[in-house]
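Here is a short briefing to read alongside the coordinates. It takes the interior space first and the sheet with its helices after that.

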Amino acid sequence: MYKNKYFGTDGIRGLVGGSLINIEFAFRLGFAAGIVFADRYNNCNKAVVITKDTRSSSSMLESAIQTGFLASGLDVFVADSHPMPTSSASFLVKSLNLLAGVVVSASHNPYHYNGFKFFSYDGFKLSEEIEIEIERRIDECAPNFNQANKFGQLRFLKNSVNQYIRFCQASFPDNLSLRGLKIVVDAANGSAYRIAPVVFENLGAEVHSIGVSPDGFNINDGVGSLSTQLLSDTVIKNKADLGIALDGDSDRVKILDSKGTEFAGDELLYAIIKDRLLFNRVEGVVGTCMTNYGFELQMRKLGIGFARANVGDRSITEQLNKRGWLYGGENSGHIICLDCHNTGDGIIAALQVLAAIVRSQENLSNMLSDLCMYSQKIINIPWDTTLDWEDKSSLKSIFEVVQKELDGRGRILIRKSGTEPVLRVMVEAEKMSIVEESISKIITCI
């Protein structure tokens, strides 16, 4: 069985200057991917589009992978000079009928990480089959510079930011408005810093923005969906109705209420499902191995199908397409509504939750009162992810002990991160005291 050499859970990611995230590799990646895309997809314009986030290294890496694509013979469309969210690449690929879209970003990671995410011609993440073919091309193909007439051309897109803003706004119902809502938007000093506030303002909200002053180094630094304390304080200080936290590339979202209470992906997805049930039957929802067990139980009560996929929005989307369902997500804040977009988009997901709030005229706590979530805690253990954790006898033994103790009361999950050198250990139970007791046993044995 082939094991990915470069691609992880969502594209390729690592430390800037490391073995993968450097100029030479970015060039080879662009060249190899260009060859694969041109061979695979015949009914599209022979071009790709590239977007980026606000990291200090993003422009450099954008230029390197761009050059690789040009050397492969493909034209390259570069979005407006300003950074744009990851999902904008999916939108632009489809609207321009291109071979693929590339995003230079490391999502929620700090600035010294970076990476590359890819979208296929249909606006979905690349299949594993295509990733494997690109990896083999990287290792096998040497770029050929002997045919100057075969090089691609660099093209600049005008007005792509405004097009994407209109696309996001179109996902909000025409008969609703955000007038009367005071919202604090935290753009994580990332790719949506110029876009997210405008979207919510255009739909009528009074917006106060934080995390909108990127300097290349402060992306996700004390702001955004992984660090919501500043947002909570700002919501309370400004007496706002809601706070919306995005991550560095704006594909994740968390929402806070007027008291600063945080609602993560599982809860936000449930708010969307409840709203959709007012108008349509929801056949099923896809979560991941990390989705709260309380969410699964609630789907059963509502007669809605539920399936778990591997972690990552690509796995969720693949399951949705396979089953013919529309909605899925994970608690980290990736939420997919295939009736709005082909990939996770923090702004669009937030708009669906806001539509549910406006339509119901209830606050989030009341909307979610029938969702009984299990207590859950996740810890990260430093780990060489090339190794299998099952090979460490002490960790395997404590896992089996805790699993047996939780039988019927909760569950434990250990998985290697696809984006960081850590093991993620999740314990879930009806009571937090049980969770804490189990976590304590695991930490003691490490």
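One cavity of 30 Å³ or more is present in the structure. A cavity here is a set of points on a 1 Å grid over the protein atoms alone where a 1.4 Å probe fits but cannot get out. The model is predicted, so to speak of local features takes pLDDT of at least 70 and side-chain atom pairs count only at pLDDT 80 or more, while totals for chains, interfaces and linings use all residues. Residues are numbered from 1 along each chain as its sequence is written, and side-chain values use heavy atoms, without hydrogens and water.

**Cavity**
- The largest cavity holds about 60 Å³ of space, a volume being the space filled by probe spheres set on the points, which are joined across faces, edges and corners.
- Its lining (residues with an atom within 4 Å of a point) consists of F7, T9, D10, G11, F118, K125, L126, E131 and R314.

**Sheet**
- Six strands (DSSP E runs of at least two residues, numbered from the N terminus) form an open sheet in the order β1-β5-β4-β2-β3-β6, with mixed pairing.
- Pairing takes at least two DSSP bridges between two strands; the edge strands, β1 (12-15) and β6 (154-156), each pair on one side only.
- β2 (residues 45-52) and β3 (residues 75-78) run parallel over four bridges, and A47 has D75 in β3 as its bridge partner.

**Helices**
- Helix α1 (residues 23-40) packs on the sheet and touches β1, β2, β4 (98-104) and β5 (113-119), contact meaning heavy atoms within 4.5 Å.
- Helix α2 (residues 58-72) also packs on the sheet, touching β2, β3, β4, β5 and β6; helices are DSSP H or I runs of at least four residues.

How values were computed:
Axes are lines fitted to C-alpha atoms, for helices over the stretch in contact, and angles run from 0 to 180 degrees between N-to-C directions. On a 1 Å grid over the protein atoms alone, a cavity is a set of points where a 1.4 Å probe fits but cannot get out, and a pocket is an open set with protein on both sides within 12 Å along at least five of seven lines; lining residues have an atom within 4 Å of a point.
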